[in-house]
Amino acid sequence: MAAASLDLQGLLARLDPTADVAQRHIWLIDVFDWLRGDRASPQAAVGRVSLLLDAVEARPELRGRLRAWWRAFTQAVDLTTLLADYGFAPRTAFVSELTERLRRKILPGTPETTDASDLFRMVLPGAFDAGWIALLDEAQLARIGNLLADAALDDIDGAPRWRHTVMDAVTYCSSQVVAAGFSPELRLRMSAASESRAFHALMSDLDALREQMFRAPRDEDALQAAFLAFRDRLDACRASASSVYTHLEDNGISVGLVFRLRQLRERVLRIRELLDCLISPAPAPSVARLVGRLVLAGGERNSIRALIASNSSMLAAKVTERSAETGEHYITRDRASYLQMVRKAAGGGALTALTVLLKFGIYSLALSAFWSGLWSGLMYAASFVAIQLLHLTLATKQPAMTAPAMAARLRDIKTDAAVADFVDEVANLVRSQVAAVLGNVGLVVPAMLALALLVQFALGRPLLDAAHAAATLQSLSLAGPTALFAALTGVLLFAASIVAGWTENAFVLHRLDSAMRYNPRIGAFLGAARARRWATFMRTHISGFASNISLGLMLGLLPAFAGFFGLGLDVRHVTLSAGQIAAAAASTGMAVLQQPALWWAVAAIPVIGALNVSVSFYFAFRLALRAHSVSLGDRARIRSAIRARWRSRPISFFLPA
């Protein structure tokens with residue numbers, strides 16, 4: 001404690017109200033560094049605050065210097081900007097905001113500034129400061145207020161300057177709320193019932209509150225009435241803005257709109273905090289809470305992780321809402337739909353056999369890596385689109401679509417019955433995937449064998465020569481990196497679902513189906529009836545087109561791009577891999593049954609299928625959980641319920657009742 005006192009005496013000796021801006025601010029930064037100490041505990045910092053107050057109160061000359069320093073500080077630095085705007089991102093673009101945050105982390109700040117936000121960031125940089133500020137008791141806060149009180153800082157009407165500063169901050173925040181409410185992006189999407197008239201009267205109510213706040217003598221009843229009127233108007237503005245969410249759920253989600261809505265909500269909360277400081281008869285605790293919130297808001301504003309989390313949450317909501325609608329079609333809930341899924345998957349497997357044949361045909365052209373990958377990707381995309389248009393099923397595409405549909409059921413998961421219903425959906429989903437994989441693999445193998453024998457009969461030679469057949473079996477062996485490549489393919493399946501959700505959301509948000517149906521030029525070109533049919537067709541299939549085309553191109557081009565960087569990555573899709581094994585076996589003949597390479601490759605098929613399904617589902621489900629803000633406690637309850645179902649009724653995950 002003695003060493004701490006010596007450090008404190010040195011700090012107080014350096015207090016110079018006549019110093020330049022940089023030196024005054026350096027002194028302030030040093031004081032807060034001393035208060036934090038070794039950051040061992042917030043209680044220790046609170047104890048140092050008491051030491052500082054005792055030292056200043058014991059010396060009248062020091063109190064005078066401190067008040068003169070505070071007077072110079074408040075005259076040089078505009079605190080209104082800090083109170084009104086600190087913690088709010090000025091831009092919606094992710095890249096520009098990320099660049100700005102990286103710049104602040106990499107480049108040092110300067111205390112030679114009159115920007116209170118920049119200075120606040122250097123003085124109170126972390127959550128530790130919010131912790132010890134929250135522990136200050138009313139007596140300590142009152143002592144701090146008495147030390148900084150200065151009649152020279154009062155305005156002519158007798159009101160302290162800090163009240164004018166806070167009221168100006170309320171005005172700036174309110175103007176931002178009104179500007180957001182009047183913006184066409186929000187105004188046109190507010191519900192008709194809300195009428196958005198609250199934004200028109202907000203500033204006039206604020207003027208009435210300001211008039212009562214600074215009237216001399218103050219009428220407390222009139223001030224309270226003006227405060228309640230303004231607060232109610234502010235709540236009405238917030239309710240009007242919230243009605244936009246209903247429009248977004250029905251008509252597509254825009255990240256920019258969600259950003260503006262969140263900013264508006266946060267500004268309303270900031271206004272409430274500022275008003276607490278103004279209206280409270282003992283403002284010191286409210287001011288301390290406000291400073292603590294500013295510290296936390298600044299930490300979030302500077303955090304790269306918080307930026308990524310916030311944007312991923314908005315993107316999650318953007319893509320999962322549309323994917324949830326699509327994913328419902330892939331979940332079977334009874335025996336009839338289960339058998340129908342098997343039939344559709346069998347058809348998809350048969351068509352995939354033709355895809356495998358075309359893939360070997362492209363490889364036989366001996367093109368360069370890029371062109372081979374591009375043509376393979378286009379061929380995959382065409383094949384997947386054909387499967388979609390024929391209403392068949394490709395198994396591994398389902399999990400990334402069905403996960404958002406399942407997570408949508410977690411919005412109300414508080415009761416045990418809701419958890420049980422969700423576990424039923426998990427069982428339904430797993431059964432659906434089992435049916436689809438069995439249908440795909442069960443028919444792609446015989447179909448590929450038949451095609452290989454047909455090619456051999458037509459050409460007089462096997463589909464693959466001995467070297468290529470052996471290389472195919474070796475590349476698909478479970479003993480190699482097949483499991484890694486299968487997991488990577490699961491990531492690509494998830495990425496395709498993201499593209500699908502984003503594309504469908506953009507299609508709905510920009511009302512392209514309505515444009516196709518009613519646009520005069522499109523109507524004149526296609527005719528009114530055909531335009532309506534095309535609009536309905538694209539609204540129904542746009543998600544599938546985006547998913548299938550993007551997945552096909554990724555499957556074809558990833559090996560080429562990875563090879564360019566020397567990574568040696570490849571893809572392993574369960575249905576395509578099963579077809580390739582069948583082609584290699586048919587080309588080799590009956591002798592292949594005696595080769596270990598065949599059985600190592602066959603053993604890889606269930607592993608590939610499991611990893612394709614589980615990895616894509618895992619990422620899609622995590623994204624959907626983030627979009628619906630499911631708590632960690634609810635997630636634990638869900639996992640426990642699923643384990644209990646697995647122990648009691650494992651067969652329900654594989655066969656319908």
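Before I turn to the first group of residues, let me say that two rings of Phe, Tyr or Trp, with the six-membered ring taken for Trp, count as a pair if their centres lie within 6.5 Å. With that in mind, and remembering that what we have in front of us is a predicted model, we can say that Trp27, Trp69, Trp70 and Phe73 form one aromatic cluster.

Let me step back to the chain as a whole, which has 657 residues, of which 48% count as buried, and which is built with 28 helices and 0 strands. If we take the contacts in the chain with a separation of 6 or more, residues 24 or more positions apart account for 81% of them.

Returning to the aromatic residues, a search of the whole structure gives 15 aromatic pairs, and I would like to spend a moment on one of them, the pair of Phe32 and Trp132, whose centres are 6.2 Å apart and whose planes make an angle of 35°, so that by the definition, in which under 30 degrees is stacked and over 60 is edge-to-face, the pair counts as tilted. What does this pair tie together? Because Phe32 lies in helix α2, residues 21-36, and Trp132 in helix α8, residues 127-134, the pair ties together parts that are 100 residues apart in sequence. As for the surroundings of the two side chains, Phe32 is buried, with a relative accessible area of 17%, and Trp132 is buried as well, at 3% relative accessibility.

Aromatic rings also appear here together with arginines, and there are two examples I would point to on the structure. Arg48 lies over the face of Trp34, at 4.9 Å from the ring centre, while Arg267 lies over the face of Phe88, where the distance from the ring centre is 4.1 Å.

Finally, I come to the second largest pocket, for which the computed volume is about 930 Å³. This pocket is lined by 33 residues, and those closest to its centre are Val426, Val430, Val613, Ser614 and Phe617. Which helices supply at least two residues each of this lining? They are α19 (398-407), α20 (416-459), α27 (596-628) and α28 (632-648), and it is α27 that gives the largest share of the lining, with 11 residues. Sorted by residue class, the lining of the second largest pocket divides into 25 nonpolar, 4 polar and 4 charged residues.

Notes:
Residues numbered from 1 in each chain as written. Predicted model: local features only at pLDDT ≥ 70, side-chain atom pairs only at ≥ 80, totals over all residues. Heavy atoms only, no water. Helix = DSSP H or I, 4+ residues; strand = E, 2+ residues; numbered from the N terminus. Buried < 20%, exposed > 50% of the residue type's maximum accessible area, 1.4 Å probe, protein only. Lys NZ or Arg CZ within 6 Å of the ring centre and 35° of its normal. 1 Å grid on protein atoms, 1.4 Å probe; cavity = no way out; pocket = protein on both sides within 12 Å on 5 of 7 lines; lining within 4 Å. Points joined across faces, edges and corners; volume = space filled by probe spheres on them. Nonpolar A, V, L, I, M, F, W, Y, C, P; charged D, E, K, R; others polar. Contact = heavy atoms within 4.5 Å.
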